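Student: I'd like a close look at one part of this chain, and then how that part sits in the rest.

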Amino acid sequence: YINCRFGNMEVYFDNTILKNGHSTVILDTAFSNVELYIPKSWTVENKATTSFGELDEKNRNVSTPENILTIMGNINFAVVDIIYI
């Protein structure tokens, strides 16, 4: 669960091991910038809802079905960047 309001946040998943190859991140952002650093080999499923905000992907990956990260929640007046590393 990631909650960021009126601020900036960086979250790194580079040393993360997903249980059974799948995990879910729930976003609750408002008036903020959030950067998610995710391994290039992961598949990201975007199921987040935006209201005057956006979710942008940088350094797009060549994903595999072994690790799947689902992004859910609300992005309100905020920007969420997924940066593949």
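Student: Where is Asp81 found? Please start there and work outwards.

Tutor: Asp81 is found in strand S9, where strands (E, at least two residues) and helices (H or I, at least four) are DSSP runs numbered from the N terminus. Before we go on, a word on what you're looking at. This is a predicted model: local features need pLDDT of at least 70, side-chain atom pairs count only at pLDDT 80 or more, and totals for chains, interfaces and linings use all residues. Residues are numbered from 1 along each chain as its sequence is written, and side-chain values use heavy atoms, with hydrogens and water left out.

Back to Asp81. It counts as buried because its relative accessibility is 11%; the cut-offs are under 20% for buried, over 50% for exposed and partly exposed in between, using a 1.4 Å probe and protein chains only. Leave out residues up to four places away in sequence, and Asp81 touches Val34, Glu35, Leu36, Asp56 and Lys58, with contact taken as heavy atoms within 4.5 Å. For orientation, strand S4 spans 33-38, strand S7 spans 54-58 and strand S9 spans 79-84.

Now step back along the chain to the loop just ahead of that strand. Phe77 lies in the loop between S8 and S9. It has a positive phi of about 50° although it is not a glycine. Most residues other than glycine have a negative phi. Phe31, in the loop between strand S3 (22-30) and strand S4, also has a positive phi, near 55°. Both are partly exposed: Phe77 has a relative accessible area of 44%, and Phe31 comes out at 44% too.

Phe77 also brings us to the aromatics. A search of the whole structure finds five aromatic pairs; rings of Phe, Tyr and Trp (its six-membered ring) pair if their centres lie within 6.5 Å, and planes under 30 degrees apart count as stacked, over 60 as edge-to-face and the rest as tilted. One of the pairs is Phe52 with Phe77, stacked at 5.1 Å centre to centre with 15° between the planes. This pair links distant parts of the chain, since Phe52 sits in the loop between strand S6 (49-51) and strand S7, 25 residues from Phe77. Phe52 is exposed, at a relative accessible area of 72%. Ring pairs go on to join Phe6, Phe31, Phe52 and Phe77 into a cluster.

The residues flanking Phe52 are worth a look as well. Ser51 belongs to strand S6 and is partly exposed at 32% relative accessibility. Setting aside neighbours within four places in sequence, Ser51 is in contact with Ile75, Asn76 and Phe77. Gly53, in the loop between S6 and S7, is partly exposed at 25%. With that same sequence cut-off, Gly53 is in contact with Ile75, Phe77 and Ala78. Not everything comes together here, mind you: Gly53 and Ile85, 32 residues apart in sequence, have C-alpha atoms 23 Å apart. Likewise, 15 Å separates the C-alpha atoms of Ser51 and Val34, which are 17 residues apart along the chain.

For another buried residue, try Trp42, in the loop between S4 and strand S5 (43-46). Its relative accessible area is 3%. Trp42 and Leu69 are 27 residues apart in sequence, yet 7.0 Å apart from C-alpha to C-alpha.

So much for the close-up; here's the whole chain. It has zero helices and nine strands. Buried residues make up 39% of its 85 residues. Of the contacts with a separation of 6 or more, 80% are between residues 24 or more positions apart. The radius of gyration is 12 Å, which agrees with the value near 12 Å for a compact globule of 85 residues; it is taken over C-alpha atoms, and the globule rule is 2.2 Å times the number of residues to the power 0.38. Along the principal axes, the C-alpha atoms fill a box of roughly 35 × 25 × 20 Å.
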